[in-house]
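Visitor: I have some questions about this structure. Please show it to me, and back each label with its reason.

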Amino acid sequence: MKKYTSLKDIENLSGTIQKAIQLKESPYQFADLGKHKTLVMLFFNASLRTRLSTEKAAKNLGMEVSVLNITNAWNMEFEDGTVMNLSTSEHIKEASMVISQYADIIAVRAFPTLENKEKDRAETVLNSFVKYATVPIVNMESATDHPLQALADAITITETKTVSKPKVVLSWAPHPKALPHSVANGFVHLMHNMDVEFVITHPEGYELDSEITKEFPIEYNQEKAFENADFIYAKNWSSFNEYGKILNEDPNWMITQEKIGAAKFMHCLPIRRNVVAEDAVLDGENSLVIEQANNRTFAAQIVLKEILTHLS
Ligand code: CP
(Lines give C-alpha, C1' and ligand atoms only; values in the text may rest on other atoms or scores of the structure.)
Protein backbone atom coordinates (compact mmCIF):
# COMPACT_ATOMS: atom_id res chain seq x y z
CA MET A 1 0.00 0.00 0.00
CA LYS A 2 1.49 3.35 -1.08
CA LYS A 3 -1.08 5.59 0.67
CA TYR A 4 -4.49 5.31 2.32
CA THR A 5 -6.86 7.99 1.17
CA SER A 6 -9.81 5.68 0.45
CA LEU A 7 -10.84 2.06 0.84
CA LYS A 8 -9.81 1.59 -2.82
CA ASP A 9 -6.17 1.67 -1.67
CA ILE A 10 -6.72 -1.77 -0.07
CA GLU A 11 -6.21 -4.47 -2.70
CA ASN A 12 -7.50 -7.38 -0.62
CA LEU A 13 -10.03 -6.22 1.99
CA SER A 14 -10.79 -9.61 3.58
CA GLY A 15 -7.05 -10.39 3.81
CA THR A 16 -6.39 -6.98 5.37
CA ILE A 17 -9.18 -7.51 7.93
CA GLN A 18 -7.63 -10.85 8.91
CA LYS A 19 -4.18 -9.23 9.24
CA ALA A 20 -5.70 -6.51 11.46
CA ILE A 21 -7.31 -9.17 13.66
CA GLN A 22 -3.89 -10.86 13.96
CA LEU A 23 -2.35 -7.52 14.97
CA LYS A 24 -5.03 -7.17 17.62
CA GLU A 25 -3.99 -10.53 19.06
CA SER A 26 -0.30 -9.57 19.00
CA PRO A 27 0.05 -5.76 18.63
CA TYR A 28 3.84 -5.57 19.10
CA GLN A 29 4.88 -8.22 16.56
CA PHE A 30 6.19 -5.49 14.21
CA ALA A 31 7.53 -3.18 16.93
CA ASP A 32 10.79 -2.58 15.00
CA LEU A 33 9.22 -1.86 11.60
CA GLY A 34 8.71 1.84 12.34
CA LYS A 35 12.03 2.44 14.10
CA HIS A 36 13.46 5.83 13.07
CA LYS A 37 10.28 6.61 11.12
CA THR A 38 7.95 9.47 12.00
CA LEU A 39 4.20 9.85 11.58
CA VAL A 40 3.10 13.50 11.43
CA MET A 41 -0.61 13.89 12.18
CA LEU A 42 -2.25 17.14 11.04
CA PHE A 43 -5.63 18.10 12.48
CA PHE A 44 -7.71 20.79 10.81
CA ASN A 45 -10.59 19.63 13.08
CA ALA A 46 -11.27 18.10 16.48
CA SER A 47 -10.78 14.41 17.26
CA LEU A 48 -10.65 12.01 20.18
CA ARG A 49 -10.58 8.48 18.73
CA THR A 50 -8.69 9.14 15.51
CA ARG A 51 -5.95 11.06 17.28
CA LEU A 52 -5.37 8.58 20.08
CA SER A 53 -5.88 5.34 18.16
CA THR A 54 -3.66 6.39 15.24
CA GLU A 55 -0.93 7.52 17.63
CA LYS A 56 -1.21 4.23 19.52
CA ALA A 57 -1.07 2.29 16.26
CA ALA A 58 2.08 4.12 15.15
CA LYS A 59 3.76 3.59 18.53
CA ASN A 60 2.87 -0.13 18.45
CA LEU A 61 4.95 -0.22 15.25
CA GLY A 62 7.83 1.64 16.89
CA MET A 63 7.24 4.96 15.11
CA GLU A 64 7.78 8.46 16.47
CA VAL A 65 4.67 10.63 16.34
CA SER A 66 4.30 14.41 15.93
CA VAL A 67 0.86 16.00 16.17
CA LEU A 68 0.00 19.48 14.88
CA ASN A 69 -3.36 21.20 15.32
CA ILE A 70 -3.46 23.34 12.21
CA THR A 71 -5.30 26.08 14.11
CA ASN A 72 -1.96 26.57 15.93
CA ALA A 73 -0.01 26.87 12.65
CA TRP A 74 0.02 29.52 9.92
CA ASN A 75 -3.27 30.02 8.10
CA MET A 76 -2.91 27.92 4.94
CA GLU A 77 -3.66 28.87 1.32
CA PHE A 78 -4.89 26.16 -1.06
CA GLU A 79 -5.67 28.10 -4.24
CA ASP A 80 -3.04 28.49 -6.93
CA GLY A 81 -2.10 31.96 -8.06
CA THR A 82 -3.62 33.77 -5.09
CA VAL A 83 -2.18 37.13 -4.13
CA MET A 84 -1.67 36.25 -0.48
CA ASN A 85 -2.20 39.71 0.97
CA LEU A 86 -5.21 38.77 3.12
CA SER A 87 -5.63 36.15 5.86
CA THR A 88 -3.53 33.24 4.55
CA SER A 89 0.18 33.18 5.43
CA GLU A 90 1.55 29.91 4.06
CA HIS A 91 0.82 28.04 0.83
CA ILE A 92 0.09 24.32 0.89
CA LYS A 93 2.96 23.80 -1.59
CA GLU A 94 5.66 24.91 0.85
CA ALA A 95 3.84 23.48 3.88
CA SER A 96 3.50 20.00 2.33
CA MET A 97 7.08 19.86 1.14
CA VAL A 98 8.43 21.12 4.48
CA ILE A 99 6.34 18.69 6.55
CA SER A 100 7.48 15.87 4.25
CA GLN A 101 11.05 16.51 5.43
CA TYR A 102 9.97 15.82 9.02
CA ALA A 103 7.70 12.87 8.26
CA ASP A 104 7.81 9.43 6.67
CA ILE A 105 4.00 9.34 6.61
CA ILE A 106 1.60 12.29 6.90
CA ALA A 107 -1.94 11.74 8.22
CA VAL A 108 -4.52 14.48 7.65
CA ARG A 109 -7.94 15.26 9.11
CA ALA A 110 -9.87 17.96 7.23
CA PHE A 111 -13.66 18.16 7.34
CA PRO A 112 -15.89 19.65 4.62
CA THR A 113 -17.08 23.23 4.55
CA LEU A 114 -20.69 21.97 4.08
CA GLU A 115 -21.13 25.27 2.21
CA ASN A 116 -19.30 24.70 -1.07
CA LYS A 117 -20.30 21.28 -2.44
CA GLU A 118 -17.92 21.30 -5.39
CA LYS A 119 -14.96 22.33 -3.23
CA ASP A 120 -15.79 19.62 -0.71
CA ARG A 121 -16.23 16.98 -3.41
CA ALA A 122 -12.87 18.00 -4.87
CA GLU A 123 -11.25 17.09 -1.51
CA THR A 124 -9.11 20.22 -1.80
CA VAL A 125 -7.16 19.80 1.45
CA LEU A 126 -6.50 16.06 1.28
CA ASN A 127 -5.68 16.11 -2.44
CA SER A 128 -3.35 19.07 -2.03
CA PHE A 129 -1.30 17.05 0.45
CA VAL A 130 -1.37 14.07 -1.93
CA LYS A 131 -0.21 16.37 -4.75
CA TYR A 132 2.57 18.29 -3.00
CA ALA A 133 3.82 16.03 -0.19
CA THR A 134 6.70 13.71 -1.02
CA VAL A 135 5.68 11.02 1.49
CA PRO A 136 2.54 8.81 1.73
CA ILE A 137 -0.71 10.36 2.93
CA VAL A 138 -3.27 8.76 5.27
CA ASN A 139 -6.84 10.08 5.39
CA MET A 140 -7.97 10.55 9.01
CA GLU A 141 -11.39 11.80 7.75
CA SER A 142 -11.72 14.11 4.83
CA ALA A 143 -14.53 16.13 3.30
CA THR A 144 -16.28 13.09 1.82
CA ASP A 145 -14.79 9.95 3.36
CA HIS A 146 -13.56 8.30 6.56
CA PRO A 147 -11.73 5.16 5.39
CA LEU A 148 -10.01 4.39 8.72
CA GLN A 149 -13.44 4.30 10.38
CA ALA A 150 -14.75 2.09 7.57
CA LEU A 151 -11.88 -0.37 8.01
CA ALA A 152 -12.48 -0.50 11.79
CA ASP A 153 -16.16 -1.15 11.08
CA ALA A 154 -15.21 -3.94 8.68
CA ILE A 155 -13.13 -5.56 11.42
CA THR A 156 -16.00 -5.19 13.93
CA ILE A 157 -18.60 -6.74 11.62
CA THR A 158 -16.25 -9.58 10.66
CA GLU A 159 -15.52 -10.36 14.32
CA THR A 160 -19.14 -10.28 15.50
CA LYS A 161 -21.30 -11.57 12.66
CA THR A 162 -23.13 -14.81 13.34
CA VAL A 163 -24.32 -15.51 9.78
CA SER A 164 -22.21 -15.57 6.61
CA LYS A 165 -24.23 -12.83 4.86
CA PRO A 166 -25.68 -10.51 7.50
CA LYS A 167 -28.32 -7.87 6.88
CA VAL A 168 -26.78 -4.45 7.58
CA VAL A 169 -28.85 -1.25 7.80
CA LEU A 170 -27.41 2.25 7.69
CA SER A 171 -29.92 4.50 9.42
CA TRP A 172 -29.95 8.29 9.48
CA ALA A 173 -30.71 9.60 12.99
CA PRO A 174 -31.48 13.11 14.25
CA HIS A 175 -28.84 15.62 15.33
CA PRO A 176 -29.02 19.32 16.19
CA LYS A 177 -25.99 20.25 14.04
CA ALA A 178 -25.31 19.89 10.32
CA LEU A 179 -22.85 17.01 10.01
CA PRO A 180 -20.65 15.78 7.15
CA HIS A 181 -21.41 12.78 4.90
CA SER A 182 -17.94 11.28 5.38
CA VAL A 183 -18.72 8.44 7.79
CA ALA A 184 -21.88 7.43 5.93
CA ASN A 185 -20.05 7.54 2.57
CA GLY A 186 -17.16 5.53 3.97
CA PHE A 187 -19.55 2.91 5.34
CA VAL A 188 -21.36 2.66 1.99
CA HIS A 189 -18.01 2.21 0.20
CA LEU A 190 -17.33 -0.61 2.66
CA MET A 191 -20.68 -2.26 2.00
CA HIS A 192 -19.82 -2.44 -1.71
CA ASN A 193 -16.87 -4.59 -0.68
CA MET A 194 -18.43 -6.93 1.89
CA ASP A 195 -20.76 -9.90 1.47
CA VAL A 196 -23.84 -8.38 3.11
CA GLU A 197 -27.47 -7.53 2.41
CA PHE A 198 -27.37 -3.75 2.72
CA VAL A 199 -30.22 -1.25 3.12
CA ILE A 200 -30.08 2.51 3.72
CA THR A 201 -32.90 4.25 5.60
CA HIS A 202 -33.43 7.98 6.05
CA PRO A 203 -36.17 10.60 5.74
CA GLU A 204 -36.89 11.85 2.23
CA GLY A 205 -34.44 14.59 1.29
CA TYR A 206 -31.47 12.93 3.00
CA GLU A 207 -30.32 10.90 -0.02
CA LEU A 208 -26.54 10.55 -0.04
CA ASP A 209 -24.49 11.08 -3.20
CA SER A 210 -26.11 8.65 -5.68
CA GLU A 211 -22.70 8.03 -7.26
CA ILE A 212 -21.74 6.41 -3.94
CA THR A 213 -24.98 4.66 -2.98
CA LYS A 214 -25.44 3.38 -6.57
CA GLU A 215 -27.73 0.36 -6.68
CA PHE A 216 -28.28 -0.04 -2.92
CA PRO A 217 -31.96 0.04 -1.84
CA ILE A 218 -33.24 3.07 0.09
CA GLU A 219 -36.17 2.41 2.43
CA TYR A 220 -37.85 5.54 3.79
CA ASN A 221 -39.71 3.52 6.45
CA GLN A 222 -37.14 2.94 9.22
CA GLU A 223 -39.20 0.23 10.95
CA LYS A 224 -39.47 -1.74 7.70
CA ALA A 225 -35.74 -1.30 7.01
CA PHE A 226 -34.90 -2.70 10.45
CA GLU A 227 -36.86 -5.95 9.92
CA ASN A 228 -34.52 -8.96 10.36
CA ALA A 229 -31.46 -6.71 10.61
CA ASP A 230 -28.27 -8.18 12.06
CA PHE A 231 -26.46 -4.83 12.30
CA ILE A 232 -27.89 -1.33 12.56
CA TYR A 233 -25.38 1.45 11.92
CA ALA A 234 -26.70 4.84 13.02
CA LYS A 235 -25.34 8.14 11.75
CA ASN A 236 -26.58 11.61 11.17
CA TRP A 237 -25.69 13.51 8.04
CA SER A 238 -26.91 16.80 6.62
CA SER A 239 -28.74 16.99 3.30
CA PHE A 240 -26.58 16.32 0.25
CA ASN A 241 -29.01 17.72 -2.33
CA GLU A 242 -29.79 20.85 -0.29
CA TYR A 243 -26.15 20.89 0.58
CA GLY A 244 -25.29 21.08 4.28
CA LYS A 245 -28.85 21.89 5.39
CA ILE A 246 -30.80 20.35 8.30
CA LEU A 247 -34.18 19.38 6.84
CA ASN A 248 -35.50 17.19 9.65
CA GLU A 249 -34.97 16.81 13.40
CA ASP A 250 -37.84 14.36 13.93
CA PRO A 251 -37.06 12.52 17.21
CA ASN A 252 -39.02 9.53 15.90
CA TRP A 253 -35.88 8.65 13.90
CA MET A 254 -33.86 8.22 17.13
CA ILE A 255 -32.63 4.63 17.57
CA THR A 256 -34.44 2.89 20.44
CA GLN A 257 -34.00 -0.55 21.98
CA GLU A 258 -37.54 -1.45 20.98
CA LYS A 259 -36.75 -0.64 17.33
CA ILE A 260 -33.49 -2.58 17.08
CA GLY A 261 -34.57 -5.72 18.93
CA ALA A 262 -31.76 -8.31 18.70
CA ALA A 263 -29.73 -6.42 16.08
CA LYS A 264 -26.23 -5.26 16.95
CA PHE A 265 -25.86 -1.50 17.19
CA MET A 266 -23.00 0.42 15.60
CA HIS A 267 -21.98 4.10 15.59
CA CYS A 268 -18.60 5.71 14.93
CA LEU A 269 -18.79 7.99 18.02
CA PRO A 270 -18.99 10.62 19.36
CA ILE A 271 -22.73 10.15 19.84
CA ARG A 272 -25.33 12.40 21.42
CA ARG A 273 -27.23 10.20 23.86
CA ASN A 274 -31.02 10.31 23.69
CA VAL A 275 -30.83 12.28 20.44
CA VAL A 276 -29.19 9.82 18.03
CA ALA A 277 -29.75 6.70 20.17
CA GLU A 278 -31.34 6.22 23.55
CA ASP A 279 -29.37 5.21 26.65
CA ALA A 280 -30.79 1.69 26.59
CA VAL A 281 -29.24 1.08 23.16
CA LEU A 282 -25.79 2.39 24.10
CA ASP A 283 -25.80 0.65 27.48
CA GLY A 284 -27.30 -2.55 26.07
CA GLU A 285 -25.41 -5.78 25.44
CA ASN A 286 -25.80 -5.44 21.65
CA SER A 287 -23.95 -2.15 21.42
CA LEU A 288 -20.65 -2.48 19.53
CA VAL A 289 -19.60 1.16 19.77
CA ILE A 290 -16.75 0.65 22.25
CA GLU A 291 -15.36 -2.26 20.26
CA GLN A 292 -15.58 -0.21 17.06
CA ALA A 293 -13.47 2.46 18.74
CA ASN A 294 -11.01 -0.21 19.92
CA ASN A 295 -10.71 -1.50 16.36
CA ARG A 296 -9.69 1.98 15.19
CA THR A 297 -6.22 1.18 16.58
CA PHE A 298 -5.85 -2.00 14.56
CA ALA A 299 -7.32 -0.48 11.40
CA ALA A 300 -4.73 2.31 11.63
CA GLN A 301 -1.99 -0.14 12.56
CA ILE A 302 -2.51 -2.43 9.56
CA VAL A 303 -2.62 0.61 7.26
CA LEU A 304 0.60 2.09 8.70
CA LYS A 305 2.24 -1.33 8.68
CA GLU A 306 1.43 -1.88 5.00
CA ILE A 307 2.71 1.60 4.07
CA LEU A 308 5.89 1.14 6.15
CA THR A 309 6.50 -2.21 4.48
CA HIS A 310 6.29 -0.49 1.11
CA LEU A 311 8.72 2.25 2.25
CA SER A 312 11.47 -0.08 3.40
N1 CP B 1 -15.04 8.26 14.98
C2 CP B 1 -14.10 9.24 14.98
O3 CP B 1 -13.48 9.55 13.95
O4 CP B 1 -13.92 9.83 16.18
P5 CP B 1 -13.11 11.19 16.44
O6 CP B 1 -13.82 12.27 15.64
O7 CP B 1 -13.16 11.42 17.91
O8 CP B 1 -11.72 11.03 15.93
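Visitor: What makes the side chain of His146 a polar contact of the ligand?

Guide: This is a predicted model. In it, an N or O atom in the side chain of His146 sits 2.8 Å from an oxygen atom of the ligand. A polar contact is a pair of N or O atoms within 3.5 Å, so the pair qualifies. Arg49 has a polar side-chain atom 2.9 Å from a ligand oxygen atom. For Arg296 the corresponding distance is 3.1 Å. The protein covers 93% of the 250 Å² of accessible area that the ligand has on its own.

Visitor: Which residues surround the ligand?

Guide: Among them are Ser47, Leu48, Thr50, Arg109, Gln149, Cys268 and Leu269. His146, Arg49 and Arg296 belong to that list too.

Visitor: Where does UniProt place the feature "binding site"?

Guide: The unreviewed entry puts it at Glu141, His175, Lys235 and Arg272. The lining of the second largest pocket includes Glu141, His175, Lys235 and Arg272.

Visitor: Why is Lys235 called buried?

Guide: Its relative accessibility is 9%. Buried means under 20%, so Lys235 counts as buried. Lys235 is in strand β9, residues 231-235. Beyond its neighbours within four places in sequence, its contacts include Leu170, Trp172, Leu179, Val183 and His267. Cys268 is also in contact with Lys235, and Cys268 is one of the residues around the ligand.

Visitor: Why does Arg272 count as partly exposed?

Guide: Arg272 has 38% relative accessibility. Partly exposed lies between the 20% limit for buried and the 50% limit for exposed, so the label fits Arg272. Arg272 lies in the loop between β10 (264-266) and α11 (279-282).

Visitor: How do you know that the side chains of Arg272 and His175 make a polar contact?

Guide: The distance is 3.3 Å. The cut-off is within 3.5 Å, and within protein one atom must be able to donate a hydrogen and the other to accept it. The side chains of Arg272 and His175 are listed as making a polar contact. Not counting residues up to four places away in sequence, Arg272 also touches Pro176, Lys177 and Ala277.

Visitor: And Phe226: is it buried or exposed?

Guide: Buried. Its relative accessible area is 6%, and the limit is under 20%, so the label holds. Phe226 lies in helix α9, residues 222-226. Leaving out residues up to four places away in sequence, Phe226 touches Val169, Ile232, Ile255 and Ile260, among others.

Notes
Residues numbered from 1 in each chain as written. Predicted model: local features only at pLDDT ≥ 70, side-chain atom pairs only at ≥ 80, totals over all residues. Heavy atoms only, no water. UniProt positions renumbered as here; feature names shortened; annotations may be inferred. 1 Å grid on protein atoms, 1.4 Å probe; cavity = no way out; pocket = protein on both sides within 12 Å on 5 of 7 lines; lining within 4 Å. Helix = DSSP H or I, 4+ residues; strand = E, 2+ residues; numbered from the N terminus. Buried < 20%, exposed > 50% of the residue type's maximum accessible area, 1.4 Å probe, protein only. Contact = heavy atoms within 4.5 Å. Near = heavy atom within 4 Å. Areas by Shrake-Rupley, 256 points an atom, 1.4 Å probe, with all protein chains shown as cover.
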